[in-house]
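Here is a short briefing on one model. Please read it with the structure open.

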Amino acid sequence: MPSPHRTAATSRSKSAAPSCTAVVLLALTALYVWWRGDPARPWRGALVLTGTTLLLVSPSYPWYSLLVVGLVALDGRWEWLTVTLAGTVLYIGGRLLPGLPLQTWAYGTAAVCVALGACLRAAPARQLLDRRPGRCRPA
């Protein structure tokens, strides 16, 4: 028969894993913003860090994401508004659909939208680089 102390320690370490993962991902995001951020546009890095924090923490109240709305207005990366929408959907729909894992679906969809927006924004830049005259292309 397993010891109750051993079981409690195991459950504590399993519950700490998501928190540690979130902290590591936030630290990596902060390093990315610090390393690759544009000093002339500090709101871009603030948007990435704040939006990533909200995606990882996924709060139940939508007013936590009001800062994202202001940063989107400064930066113009509209895909981040899905994070605000996810909090609103969770706040309104949580009581209407009690058995549905709405928090996971809402913030997961927002994360996919943000990633898709980043990919779509990067595609024209890649095409522009491929069209430069004098660029060597492998045969």
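## Aromatic cluster and helices

Ring pairs join Tyr-61, Trp-63, Tyr-64 and Tyr-91 into a cluster. The model is predicted. The points below start with the rings, then turn to H3, H4 and the cysteines.

**Aromatic pairs**

- The structure has four aromatic pairs.
- One of them is formed by Trp-63 and Tyr-91, with an edge-to-face geometry. Their centres are 5.6 Å apart, and the planes meet at 70°. An angle over 60 degrees counts as edge-to-face.
- This pair links distant parts of the chain, with the two positions 28 residues apart in numbering. Trp-63 sits in the loop between helix H2 (42-57) and helix H3 (66-75). Tyr-91 belongs to helix H4 (residues 81-96).
- Both partners are partly exposed: Trp-63 has a relative accessible area of 46%, and Tyr-91 has 43%.

**Helix H3**

- Which residues of H3 are buried? They are Val-68, Leu-71, Val-72 and Asp-75.
- These residues cover an arc of only 105° around the axis, so they lie on the same side of H3.
- The buried residues of H3 pack against H2 and H4.
- The face turned away from that buried side carries the exposed residues Leu-66, Ala-73 and Leu-74.
- Gly-76 follows H3. The phi of Gly-76 is positive, near 85°.

**Helix H4**

- H4 has 16 residues. From its first C-alpha to its last, H4 reaches 23 Å. That is close to the 22 Å expected at 1.5 Å a residue.
- Where does H4 bend? The bend is at Leu-90, by about 30°.
- Leu-90 is also one of the buried residues of H4. The others are Thr-82, Val-83, Thr-84, Ala-86, Gly-87 and Gly-93.
- Tyr-91, in H4, is partly exposed.

**Cysteines**

- How many disulfides does the structure hold? It holds zero.
- A disulfide is a covalent bond between the sulfur atoms of two cysteines.
- Cys-20 is partly exposed, at a relative accessible area of 48%.
- Cys-113 is partly exposed as well, at 31%.

How values were computed: Residues numbered from 1 in each chain as written. Predicted model: local features only at pLDDT ≥ 70, side-chain atom pairs only at ≥ 80, totals over all residues. Heavy atoms only, no water. Disulfide = S-S within 2.5 Å. Buried < 20%, exposed > 50% of the residue type's maximum accessible area, 1.4 Å probe, protein only. Phe/Tyr/Trp six-rings, centres within 6.5 Å; stacked < 30°, edge-to-face > 60°. Helix = DSSP H or I, 4+ residues; strand = E, 2+ residues; numbered from the N terminus. Expected span 1.5 Å × (residues − 1). Bend = angle between axes of the 7 residues up to and from the residue. Arc of directions from axis to C-beta. Contact = heavy atoms within 4.5 Å.
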